[in-house]
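I opened the notebook with the sequence and the model side by side. These entries record what I looked up.

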Amino acid sequence: MAQFEEVSKQSILHPKPAGLVLHYGTAGFRSNSIHLDHIMFRMGLLAVLRSKKTKSTIGIMVTADVLRYSNVCLFLSQMKPISFMFICFQEDNGSYATMLANAEQEELISALNEIIEKEGIDKSPEASVFVGKDTRSSSASLSQAVLDGVHALGGHSKDYGLVTTPQLHYMVCCKNTQGKYGDATVEGYYKKLCQAFTQLVGNASNRTDDQKHLCVDGANGIGALKLREMISHLNKGLQVTIFNDGSKGKLNHQCGADFVKVQQKTPTGEVNPGDRCCSFDGDADRIVYYFTDSQQVFHLLDGDKIATLISTFLKELLIQAGLNLKIAVVQTAYANGSSTDYLENTMNVTVRCTKTGVKHLHHAALEFDVGVYFEANGHGTVLFSKAAEDKIQQLAQDSRIDDERKRAALMLQSTINVINQTVGDALSDMLLIEAILAIKGMTVEQWDRIYTDLPNRQLKVKVSDRRVIDTTDAERRAVSPAGLQEAIDQLVKTYRKARSFVRPSGTEDVVRVYAEADTQESADALAHEVSLAVY
Ligand code: 16G
């Protein structure tokens, strides 16, 4: 096949370093960018096959979560039921990607043929691949390698250049729904979200400039750039001060959502007491809020607090609209015990716990009419079932209902439009949170007081082989090595309101330890003792 000759020819220009073996993990391939050129080229090939098989557009995002490391991930964003996938073929859990990535040059064509045969791929449909990249210096050449792969196998590409990961998900979803989700352009994305935001805050009375002001830490990444573009569509509805905007500092260095969440302190930059602040992560798919009070005490409002705020708002609107729709919050084992308790026992909301990793939460959230999912690290969004969207739409157009129901239905409609349902999105989540605070006339301090987090601690433990730890019950219990869970149970019993678990990281060569208890000293001591049990 002529196309295969082209692949062979081109792949020589994207050689695989001898002996390098990489695996497609929780968030795609992660390695030093100097090792990723051949992977990028080959993921371009795989995306073409995936596009032919599904007869839809595939997105490839070249991004980086951690300084010096790059990610490539493939996804297919459609509307429900399959709205999000990080793996290339639904069935294979990333193994085709791993096989292609690790094939030696002379094995590449037979690896492609194996996938074509196993998946019964018809070669005739046109293939379409959307590509995006973040601001790192390596991203330009890596995304070119992806494009080379797509073209070598005869696929069509659209290069969106610098975009956030959630923006690319949005474009792919728009394309795969023939525009029903919106225009597959960055401008279309801003217009849809900002219009919905403006409609929502129209329900807030007498907002002062102070209430409109927000400080945003852009993690020195793409989010800062894109936020600046988005602001011009907001008609001064939000007054944003951006710091760590990439003009001086390094990506995620002493800043960004992960730094703030894990270190539990403010990032580099000037943060004044009482300022409402948020931090994006490097590719703008996570967000956390925080402030320091007049005593200089730092208060973090993480994914759990965000999920609580959003689900409370939605539940109230559903009640006001008289809509009987099932709402649930999906969390992971990292969710603070206080948040789960508040949601279940005060809010009477169904709570589900899944394994770490967005794909798990996303799929669990699809089971409900309204599924709010957030990892404690700030990665999350809200999913509305087709039936729920239809009911809300019908009600918003019903001229026979009273004003209160109508207002609630219209607000639900705008809420759906401000949310990026394809994946967690810092820009979209920020707009939704700001709108909710404005409508409720709530300060960040009042939001923080909804419930009090249990003190907690996260630690990393280096072990010779983290894979000896196997977990069950959404990673809350260890099943191997023998005796580890019993040891954790014994330690937990010695503290009040305590909980602890261990899990092997999917992104780093470490075991993660989480502990919470009634005091910070107890949480720290428990985490330390559990980490000793892991050795
Ligand atoms: C990845 C996941 C994130 C998860 C984190 C856990 C996606 C897009 N990202 O960054 O959701 O929280 O991994 O990392 O799925 P860990 O396994 O190293 O703790």
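**Strands S4 and S5**

I began with two strands and found that S4 (residues 128-133) and S5 (residues 156-162) run parallel, joined by five bridges. The model is a predicted one. I then looked up Lys133 and found its bridge partner in S5 to be Leu162. Between the two strands the chain passes through helix H5 (residues 139-152), and I noted this β-α-β crossover as right-handed.

**Helix H5**

I checked the length of H5 next. H5 has 14 residues, and its first and last C-alpha atoms are 20 Å apart, close to the 20 Å expected at 1.5 Å a residue. I listed its buried residues: Ser139, Leu142, Ser143, Ala145, Val146, Gly149, Val150 and Ala152. I kept a general point beside this list: an α-helix has 3.6 residues a turn, so residues three or four places apart point the same way. After H5 comes Gly154, and I wrote down its positive phi, near 80°.

**Domains**

I looked up how the protein is divided and found domain 1 (2-181), domain 2 (185-453) and domain 3 (456-534). The centres of domain 1 and domain 2, taken over C-alpha atoms, are separated by 30 Å.

I also read the UniProt record, an unreviewed entry, which lists residues 184-288 and 302-441 for "domain: Phosphoacetylglucosamine mutase AMG1". For residues 184-288 I recorded 35% helix and 15% strand, with the end C-alpha atoms 27 Å apart. For residues 302-441 I recorded 57% helix and 15% strand, with the end C-alpha atoms 20 Å apart.

**Binding site in the record**

The unreviewed UniProt entry places a "binding site" at several residues, among them Glu375, Ala376, Asn377 and Arg503. I followed up two of the residues named there, Glu375 and Asn377.

Where does Glu375 lie? I found Glu375 in the loop between strand S13 (370-374) and strand S14 (380-384). Is Glu375 buried or exposed? Glu375 counts as buried because it has 25 C-beta neighbours inside 10 Å. Leaving out residues up to four places away in sequence, I found Glu375 touching Gly303, Thr332, Tyr334, Thr356, Leu361 and Gly380.

Asn377 is in the loop between S13 and S14. Asn377 has 23 C-beta neighbours inside 10 Å, so I entered Asn377 as buried. With residues up to four places away in sequence left out, Asn377 touches Ala257, Asp258, Lys261, Arg286 and Gly303. Gly303 thus stands in my contact list for Glu375 and in my contact list for Asn377.

Methods:
Residues numbered from 1 in each chain as written. Predicted model: local features only at pLDDT ≥ 70, side-chain atom pairs only at ≥ 80, totals over all residues. Pairing = 2+ DSSP bridges. Helix = DSSP H or I, 4+ residues; strand = E, 2+ residues; numbered from the N terminus. Right-handed = clockwise from strand over helix to strand, strands pointing away. Domains from an automatic or database assignment. UniProt positions renumbered as here; feature names shortened; annotations may be inferred. Buried ≥ 20, exposed ≤ 12 C-beta atoms within 10 Å, placed from the backbone. Contact = placed C-beta atoms within 7 Å. Expected span 1.5 Å × (residues − 1).
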